[in-house]
Amino acid sequence: MDHFNYQDGQLFAEQNPVTDLASRFGTPLYVYSRATIERHFQAFETAAGDHPHLVCYAVKANSNIAVLNVLARLGAGFDIVSAGELARVVQAGGDPSKVVFSGVAKTEQEMAYALELGIHCFNVESSQELDRLNHVAESMGVRAPVSIRVNPDVDAKTHPYISTGLKQNKFGIAIEQAPEIYQKAASLSHLNVVGVDCHIGSQLTELSPFIDALDRVLTLVDKLAEQGIEIRHLDVGGGLGVTYDDETPPHPEVYAKALRERVADRPELTLLFEPGRAIMANAGLLLTKVEFIKPGDEKNFAIVDAAMNDLIRPALYSAWQAIVPVVPRLDEPEAVYDIVGPICETGDFLGKDRALALQPGDLLAVRSAGAYGFTMSSNYNSRPRAAEVMVDGEQAHLIRARETQASLWQGEALLP
Ligand code: LLP
């Protein structure tokens, strides 16, 4: 559930009429709801209950420091994939000792920075990475806490670009090779083996792949115990899907409860979750204005002021996101439109074949845009990136100013 609802014929973001947000902050505009973010995070917390656990929000989904700060205040941990994301967590008041560091190619500098800050764990993805981390930790006179990301070879049944748990993917270490790699990790003097990690993909709408993966990983944990390697935490990754259209993913509470039950007889095993989308997607929308209506023989186009540089998911993954009118024209006839942006590419669309009653100047809201929206945006076509606002009850706070034209060439230089 989210806090974007119609009242008196218009869309509200918590207690803010969305039309007011457009007049105050302009469009295109990302709008996030604090109450929704908090509600989604608490669903994981509640379901994990009294089993030792840590919910590490996946920063890549939405890394605005105000978003991170709202979660840090609730005691969240963070899943990061770069030094930049770690710096954001610190800037937002997050606790480095609750940070897990994922990603296939951490640099020496990134490792050193994370060791300095004392993060919770490195999720290591290859044998060479173990050597690099051991070397960096040795040079700093510390021991690095590590999990190995194992690839349980289960089919997440999601879009191929965001499926990560199959043998053909670049991520993790095949689960059959894991005992050998763990033996190596245990033998390296500046590593401290603490956990097992897995992440099988994103936007999963069924429970069974998660359970299958967990069962395979638990078998590994037992095998490692026989080898004398004691595992203290199990990181189940992220990947829980959300409803964009008519998908019916398990509710975060159902999901987290199901995983918790699987480890109920192992209180010594702390559960780590890395949700991104499930917390942020439906906590945000992208607000855009219709510039022109262009009727055609085969297609009608509604050309809006947001584009693929603002929200690339439809162009990149053929992702479907709901597009709704902010003030519905209830008595006017609908037509079928492709909702397209101003960028010079045929792939620049936010939605296709949408039945809407529209006039130029109308506001539209692209729903479920809180995750992988702004973080994947770019300056393509020299378009300054959109502003971001967080609503909190009756308040609306600007949490990222709209970029200016001068910001477009910041850091660039003319030849002498
Ligand atoms: N942990 C790891 C190691 C990950 O690679 C990811 C996402 C997550 C956690 C969080 O997954 P989530 O709970 O958000 O599904 N840009 C794509 C999604 C890419 C996901 C990449 N990894 C999209 O817009 O659909």
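Helices (H or I, at least four residues) and strands (E, at least two) are DSSP runs, numbered from the N terminus.

**View 1. The whole chain, with its 12 helices and 21 strands.** The radius of gyration is 23 Å, close to the 22 Å that the globule rule gives for 416 residues, so the chain is as compact as a globular protein of that length. (That radius is taken over C-alpha atoms, and the rule is 2.2 Å times the number of residues to the power 0.38.) Along the principal axes, the C-alpha atoms fill a box of roughly 70 × 60 × 40 Å. Keep in mind that this is a predicted model, where local features need pLDDT of at least 70, side-chain atom pairs count only at pLDDT 80 or more, and totals for chains, interfaces and linings use all residues. Residues are numbered from 1 along each chain as its sequence is written.

**View 2. Inside and outside, and who touches whom.** Of the 416 residues, 48% count as buried. Buried means that 20 or more other C-beta atoms lie within 10 Å of a residue's own; 12 or fewer makes it exposed, anything in between is partly exposed, and the C-beta atoms are placed from the backbone. Two residues are in contact if their C-beta atoms, placed from the backbone, lie within 7 Å. Take the contacts between residues at least 6 apart in sequence: 70% of them join residues at least 24 apart.

**View 3. Strand E9, residues 144-151, and its surroundings.** Here 8 of the 8 residues are buried, so E9 is largely enclosed by the rest of the structure. On one side sit Ala 144, Val 146, Ile 148 and Val 150, on the other Pro 145, Ser 147, Arg 149 and Asn 151, and both faces are covered.

**View 4. The partners of E9.** Strands of a sheet pair through backbone hydrogen bonds, either parallel or antiparallel. Two strands count as paired if DSSP finds at least two bridges between them. E9 runs parallel to strand E11 (residues 191-197) over 6 bridges, and Val 146 faces Val 193 there. Strand E8 (residues 121-124) is a parallel partner too, over 3 bridges, with Val 124 opposite Ile 148. Then there is strand E10 (residues 173-174), parallel to E9 over 2 bridges, where Asn 151 stands opposite Ala 174.

**View 5. E8, helix H6 (residues 127-140) and E9 as a right-handed β-α-β unit.** Right-handed means that, with the strands pointing away from the viewer, the path from the first strand over the helix to the second runs clockwise.

**View 6. An open antiparallel sheet of 3 strands, ordered E1-E2-E3.** Strand E1 (4-7) and strand E3 (16-17) stand at the edges with a single partner strand each, so one side of each has no neighbour in the sheet. Strand E2 (residues 10-13) pairs with E3 over 2 bridges, and Phe 12 stands opposite Pro 17.

**View 7. Residues that UniProt annotates as "binding site".** The unreviewed entry lists Arg 277, Arg 313, Tyr 317, Glu 345 and Tyr 372. They span 96 residues in sequence, and the farthest two C-alpha atoms are 27.3 Å apart, so they do not all gather at one spot. UniProt positions follow the numbering used here, feature names are shortened, and annotations may be inferred rather than shown by experiment.

**View 8. Arg 313 and Tyr 372, in contact with each other.** Arg 313 lies in helix H11 (residues 313-317) and is buried, with 21 other C-beta atoms within 10 Å. Tyr 372 lies in the loop between strand E19 (363-366) and strand E20 (387-392); with 25 C-beta neighbours inside 10 Å, Tyr 372 is buried as well. Leaving aside residues up to four places away in sequence, Tyr 372 also touches Ala 61.
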